[in-house]
Amino acid sequence: MTELVRNYIGGRWVDSRSGTVFETVNPANEQVIAPVVLSAAEDVEAAVEAAKVAYPSWRLMPAPRRGEILYQVARVIEARKEALARLMTQEMGKVLSEARGDVQEAIDMAYYMGGEGRRLLGYTAPVEMPDKFGMALRDSVGVVGLITPWNFPIAVPSWKMLPALVAGNTVVWKPSEFTPAVSAAFVEVFIEAGLPEGVLNLVQGAGAAGEALVTNPAVRVISFTGSTETGLKVYVKAAALGKKVSLEMGGKNAIIVLDDANLELATKAITWSAYGTTGQRCTATSRLIVQRGIKSALIDALVERAKSLQVGDGLIDGVEVGPLVDAKALEKVEQYVAVGRDEGARLMIGGERLDRAGYFYAPTLFSDVKPEMRIAREEIFGPVLSVIEVDSLEEAVAINNSVPYGLSSSIFTENVNAAFRAIRDLTTGIVYINHGTTGAEIQFPFGGTRATGNGMREAGQTALDSFTEWKSVYIDYSGRLQRAQIDNREG
Ligand code: NAD
């Protein structure tokens, strides 16, 4: 067991005020990795106070200089990539190659947002009066609160933290209780990169610490990623205090495969999207909507591939599917598989936990799934794929759009007309053509519709919208009272 994982507040590693601790556990072998401080409202308050104190000077640091610190953050992550990835695999179970990809997202985001230090573009536009000038500027907001899940312990926080910081805000971050050690290691990167004290604060703990952040009046923005259930609670509490909220929540993503699809390509992409990260990606494929003509060949190929998947500890070379994050997640998958059987779906492979230490479940595929079944509508968050048969593209698109969630969707077809119709009609925030439902790039907006989000997006230029306010500026250099002022046209 390693040493106690602490909070980072005002530039110092500190214990929680109460002295209470919890443990972070390796889901591949159920061994304790480290004890962790469990924070309560008083710890969150101290972190918010530190962020408030640091804000005035961070806000006034020229943005290009803030951007240079982010470039340094990118370089430090590059140097520590392997260590961060290994710790991530130990703490939440995804296989090492995927953990490296998670860390790489933060490197990409740090370089991208570092560049924003020399952009943060506003605009000018013509104004109605002579001798007058108008411009719109992005302004920082103040102290922002970030609440993140365990499944992308470095990528998701980086999508929030880096735009928030380059825009001049100070941050209090409450990571998931399942990934405290890798979160602390990520904060160390910012310390080494020279971020001034108090600009980034880390508070370890569970729901109570998250709630204290949401309800703290000094925190003006809450950016949350996690389940829809928690996200909506956060939304209601924050809205009552007039806060700006960005929500990225659950998914029930589908791949559509039409009869003319490239079978081999579709098989590889579906396998990776459904069983990669043990089905615990927000963008994981959990529905396969397949046209009648190609269905049985595709199911045969998928079952063959699922049989050969290596399930085990993600640190071991050759392992393709790691464990679920904890015993509760494993039970949830078991319960949904029972529901699927009861609903009349046909189990083609999997359907059982693996008899060994750790939270392992066999890659599972149901066929004969009907769109109204619970396994076709609810987020299972495990290695379970439900196959729904359709006759046409129109039927497939309608089924895709019929679930409460709207994160990502995909279609496999060689027909350009079908592909463009799908792009037009699929109502998810992300659409893929001849590619699985996972694998976003940081320069494009990321997020979903309906129960997946509240209209905000992460990544891309849009990430700045969560962490900035617009300030419109009018400069009258005529030296006299002009008509617009007399008429009070601006209201
Ligand atoms: P979760 O909702 O259980 O927890 C998310 C975070 O919220 C954690 O830090 C948790 O401690 C905190 N929290 C819990 N209760 C809270 C409360 N009452 N107030 C404030 N904070 C509280 O989610 P999870 O299990 O960590 O993550 C998995 C979920 O996240 C899945 O539903 C997945 O689809 C979703 N997710 C979505 C995206 C996306 O971008 N759309 C990305 C990754 C994960």
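**Exercise 1. Domain layout**

State how the chain of this predicted model is divided into domains, and how far apart the C-alpha centres of the domains lie.

*Solution.* Start with the bounds. Domain 1 takes residues 7–249 + 453–473. Domain 2 takes residues 253–433. Domain 1 is thus written as two segments, and domain 2 as one. Next, the spacing. The two C-alpha centres are 31 Å apart. Then count the residues in contact, using heavy atoms within 4.5 Å. Domain 1 contributes 20 residues and domain 2 contributes 24 residues.

**Exercise 2. The domain interface**

Describe the interface of domain 1 and domain 2 by buried area, salt bridges and polar contacts.

*Solution.* Begin with area. The size of an interface is often expressed as the accessible area lost when the parts come together. Here domain 1 and domain 2 bury about 1900 Å² between them. Of that area, 63% lies on carbon and sulfur atoms. Now the pairings. The rule gives zero salt bridges across this interface. Polar contact joins five residue pairs between the domains, both residues at pLDDT 80 or more.

Which helix gives the most to the side of domain 1 that touches domain 2? Two elements each supply at least two residues to that side: α2 (63–92) and α3 (96–116). The most comes from α2, with four residues. Finish with the classes. This side of domain 1 holds nine nonpolar, six polar and five charged residues.

**Exercise 3. The ligand surroundings**

Find how many residues surround the ligand, then list three polar approaches to its atoms.

*Solution.* The count is 28 residues. The closest are T148, K174, E177, S227 and E379. Take oxygen atoms of the ligand next. One lies 3.0 Å from a polar side-chain atom of W150. For T230, a side-chain N or O atom is 2.8 Å from a ligand oxygen. Turn to nitrogen. A polar backbone atom of M249 sits 2.8 Å from a ligand nitrogen.

**Exercise 4. A salt bridge between distant parts of the chain**

Locate the salt-bridge partners D465 and R138 in the secondary structure.

*Solution.* Side chains of opposite charge can pair when their charged atoms come close. The rule counts 25 salt bridges. One of them joins D465 and R138, at 3.0 Å from N to O. Place each partner. D465 belongs to helix α13 (residues 463–467). R138 belongs to strand β6 (residues 132–140). The two are 327 residues apart, so this pair links distant parts of the chain.

Terms used. Residues are numbered from 1 along each chain as its sequence is written. This is a predicted model: local features need pLDDT of at least 70, side-chain atom pairs count only at pLDDT 80 or more; totals for chains, interfaces and linings use all residues. Side-chain values use heavy atoms; hydrogens and water are left out. Domain bounds come from an automatic or database domain assignment. Buried area is the accessible area (1.4 Å probe) that two parts lose on being put together, summed over both. A salt bridge is a side-chain nitrogen of Lys or Arg within 4 Å of a carboxyl oxygen of Asp or Glu. A polar contact is a pair of N or O atoms within 3.5 Å; within protein, one must be able to donate a hydrogen and the other to accept it, and residues adjacent in sequence count only if both atoms are side-chain atoms. Ala, Val, Leu, Ile, Met, Phe, Trp, Tyr, Cys and Pro count as nonpolar, Asp, Glu, Lys and Arg as charged, and the others, Gly among them, as polar. A residue is near a molecule or strand if one of its heavy atoms lies within 4 Å of it.
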